[in-house]
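Hi,

Here is the model I promised to pass on. Have a look at it first, and then read on for my notes.

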Amino acid sequence: MLSLLYQEGPSTKGIFRRSGSAKTFKELKEKLDSGNEVDLAHESIFVTASLFKDFLRNIPGSILSSQLCDKWVSVLDQGNNEEKIKSIQRLIELLPRANVVLLRYIFGVLHGIEMRSEENQMNAFNLAVCIAPSLLWPPVSSTPDIESEFIKKISSLVQFLIENCCRIFGDEITSLFGEI
């Protein structure tokens, strides 16, 4: 999924914003969930993006770890950009290795899409609004008002992560997929 999103996302207007066919999404999700081989290359990239967001939403405790939720939310309240980046790097070190590897690929994809935002209309802000709710959620449910405020904060954090991903994850993030 990430490879397809890396290839097609930068040239796809509204990637992660638009959803594909609900029927196709449901059929492919059932196939994936049952362990069947699925060839996404012949499917709509919007269905692939929806499947990927669904996959992220189903990671137990979220990819950024709901246990660290308060720390993630408070990162942007800290000093200058350099201090924020250092805090983010410290939080990333607390995550399981599998989460860190996946995060690097996710932000490699998001960076590639954001670099061509003139073409796809998905700048860091737009990407963050679409993907942030799939990356982190609070460990306990809350009122709609608190949840809305939380989503705004997480979206700002994800926007910062996209805009600074090379400094956070290293410059090699731009070549994780090699020459496709």
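Which residues have the most contacts inside the largest nonpolar core? They are Phe-16, Trp-72, Ile-106 and Phe-107, in a core of 57 residues. Keep in mind that this is a predicted model.

Quite a few helices feed that core: α1, α3, α4, α5, α6, α8, α9 and α10 each supply at least two residues. Helix α6 (97-115) gives the most, with eight residues. As a general point, nonpolar side chains tend to be buried together in soluble globular proteins.

On the overall make-up, residues 1-169 are 66% helix and 0% strand, and the C-alpha atoms at the two ends sit 21 Å apart. UniProt, in an unreviewed entry, lists that stretch, 1-169, as "domain: Rho-GAP".

Now for the charges. A search of the whole structure turns up seven salt bridges, and helix α2 (residues 22-33) is a good place to start. Lys-23 pairs with Glu-27 there, with the closest N and O atoms 3.5 Å apart. The two are four residues apart in α2, about one turn of the helix. Lys-23 counts as exposed because its relative accessibility is 58%, while Glu-27, at 38%, is partly exposed. The C-alpha of Lys-23 is also 9.8 Å from that of Val-47, which is 24 residues away along the chain.

Lys-26 and Glu-30 make another salt bridge, at 3.7 Å from N to O. They too are in α2, and because they are four residues apart, about one helical turn separates them. Lys-26 is exposed at 52% and Glu-30 partly exposed at 47%.

Outside that helix, Arg-116 bridges to Glu-119, with the closest N and O atoms 2.9 Å apart. Both partners are partly exposed, Arg-116 at 36% and Glu-119 at 41%. There is also a network in which shared partners join Lys-29, Asp-33 and Asp-54.

Helix α2 has a nonpolar side to its story as well: Leu-32 lies in it and is partly exposed, at 33%. Together with Met-1 and Phe-55, Leu-32 makes a nonpolar surface patch of about 230 Å².

Last, the cysteines. How many disulfides does the count give? Zero. For Cys-130, the nearest cysteine sulfur is that of Cys-165, 17 Å away. Cys-130 counts as buried, since its relative accessibility is 15% and the cut-off is under 20%. Cys-166 is in no disulfide either; its nearest cysteine sulfur, again that of Cys-165, is 4.4 Å away, and the pair would have to be within 2.5 Å to count.

Cheers

Definitions and conventions
Residues numbered from 1 in each chain as written. Predicted model: local features only at pLDDT ≥ 70, side-chain atom pairs only at ≥ 80, totals over all residues. Heavy atoms only, no water. Buried < 20%, exposed > 50% of the residue type's maximum accessible area, 1.4 Å probe, protein only. Patch = residues over 30% accessible without salt bridge, like charges linked within 9 Å, V, L, I, M, F, W, Y side chains within 5 Å. Areas by Shrake-Rupley, 256 points an atom, 1.4 Å probe, with all protein chains shown as cover. Salt bridge = Lys/Arg side-chain N within 4 Å of Asp/Glu carboxyl O. UniProt positions renumbered as here; feature names shortened; annotations may be inferred. Core = buried A, V, L, I, M, F, W, Y, C linked by side-chain atoms within 4.5 Å.
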